Amino acid sequence: AELFVDKGCVGCHGEAGKGGGLAPVLQSDKGPDVPVWQRGRVLPVLAPFATTVWDYINRGMPLGLEGTLTPNEVYSLTAYLLFLNKVIPEDQVLDQRNLTKVKMPIGDHYGKPHDYKPNSPRLEGYPY
């Protein structure tokens, strides 16, 4: 939580990720008993893997200072967001060994890409 404030995340995402008006909400206002698709468009809830959350923070945050976070800071911020959304317990430490083992709320219900085969016909209505 301290790192979330120190790195300026609060300025865009609001306190505890509940919405600052400038960037997406990072904490669902609905609990874990609500079906995942009804919790809102919240990355730490709808991401298929915890590594997706880590990678997004690592590559794209903080806005305008991308790439300035250390790997440990990214793990800490990922853990904080997953904790806020009741995906992991507050005292769980994330690192490269256990990040892939986190079970995300969406489970296997995320949109998987269709099977693409070379020289396949375009989808009907596709503009190109």
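Helices (H or I, at least four residues) and strands (E, at least two) are taken as DSSP runs and numbered from the N terminus. The structure is a predicted model, in which local features need pLDDT of at least 70 and side-chain atom pairs count only at pLDDT 80 or more, whereas totals for chains, interfaces and linings use all residues. Residues are numbered from 1 along each chain as its sequence is written, and side-chain values use heavy atoms, with hydrogens and water left out.

The chain contains five helices and zero strands, and its elements follow the order α-α-α-α-α along the sequence. The C-alpha trace spans about 50 × 35 × 35 Å along its principal axes. Of the 128 residues in the chain, 32% are buried, where buried denotes under 20% relative accessible area, exposed over 50%, and partly exposed the range in between (1.4 Å probe, protein chains only). Contacts are defined by heavy atoms within 4.5 Å; among those in the chain with a separation of 6 or more, 40% are between residues 24 or more positions apart. The exposed area of the chain is about 8900 Å², of which carbon and sulfur atoms supply 54%; accessible areas were obtained by the Shrake-Rupley method with a 1.4 Å probe, and for residues only the protein chains shown count as cover.

The chain carries 13 positive and 14 negative charges, and the mean positions of the two sets are 7 Å apart. In this count Lys and Arg are positive and Asp and Glu negative, while His and the chain ends are not counted. Each charge is placed at NZ of Lys, CZ of Arg, CG of Asp or CD of Glu.

In soluble globular proteins, nonpolar side chains tend to be buried together. A nonpolar core is here a set of buried Ala, Val, Leu, Ile, Met, Phe, Trp, Tyr and Cys residues joined through side-chain atoms within 4.5 Å. The largest such core comprises 24 residues, and Leu82, Leu94, Val102 and Met104 have the most contacts inside it. Two elements, α4 and α5, give two or more residues to this core, and α5 provides the largest share, with eight residues. With residues up to four places away in sequence excluded, leucine 94 touches Tyr75, Thr78, Ala79, Leu82, Ile88, Leu99 and Val102.

Helix α5 (residues 71-84) includes threonine 78, which counts as buried because its relative accessibility is 0%. Under the exclusion of residues up to four places away in sequence, threonine 78 is in contact with Ala50, Val53, Trp54, Ile57, Leu94 and Leu99. In α4, the buried residues are Ala50, Val53, Trp54, Ile57 and Gly60, and the buried residues of this helix pack against α3 (43-46) and α5.

Two aromatic pairs are present in the structure. Phenylalanine 4 and tyrosine 80 form a tilted pair, with a centre-to-centre distance of 5.4 Å and an angle of 50° between the planes. Because phenylalanine 4 lies in helix α1 (residues 2-6) and tyrosine 80 in helix α5, this pair ties together parts that are 76 residues apart in sequence. Both phenylalanine 4 and tyrosine 80 are buried. The rings of tryptophan 54 and tyrosine 75 are also tilted, because their centres are 5.3 Å apart and their planes lie at 45°. Tryptophan 54 belongs to helix α4 (residues 50-60) and tyrosine 75 to helix α5, so that the pair ties together parts 21 residues apart in sequence. The relative accessible area of tryptophan 54 is 17%, and this residue is therefore buried; tyrosine 75, at 13% relative accessibility, is likewise buried. Pairing requires that ring centres of Phe, Tyr and Trp (its six-membered ring) lie within 6.5 Å, with planes under 30 degrees apart counted as stacked, over 60 as edge-to-face and the rest as tilted.

Several backbone features were also identified. Most residues other than glycine have a negative phi, and most peptide bonds are trans. A cis peptide bond, with omega of about -10°, joins methionine 61 and proline 62; proline 62 is located in the loop between α4 and α5. Alanine 16, which is not a glycine, has a positive phi of about 55° and occupies the loop between α2 (9-13) and α3. Lysine 86 has a positive phi near 60° and is found in the segment after α5; its relative accessibility of 56% classes lysine 86 as exposed. Lysine 101 is also in the segment after α5 and is exposed, with a relative accessible area of 61%. The C-alpha atoms of lysine 101 and alanine 50 are separated by 8.3 Å, although the two residues are 51 residues apart along the chain.
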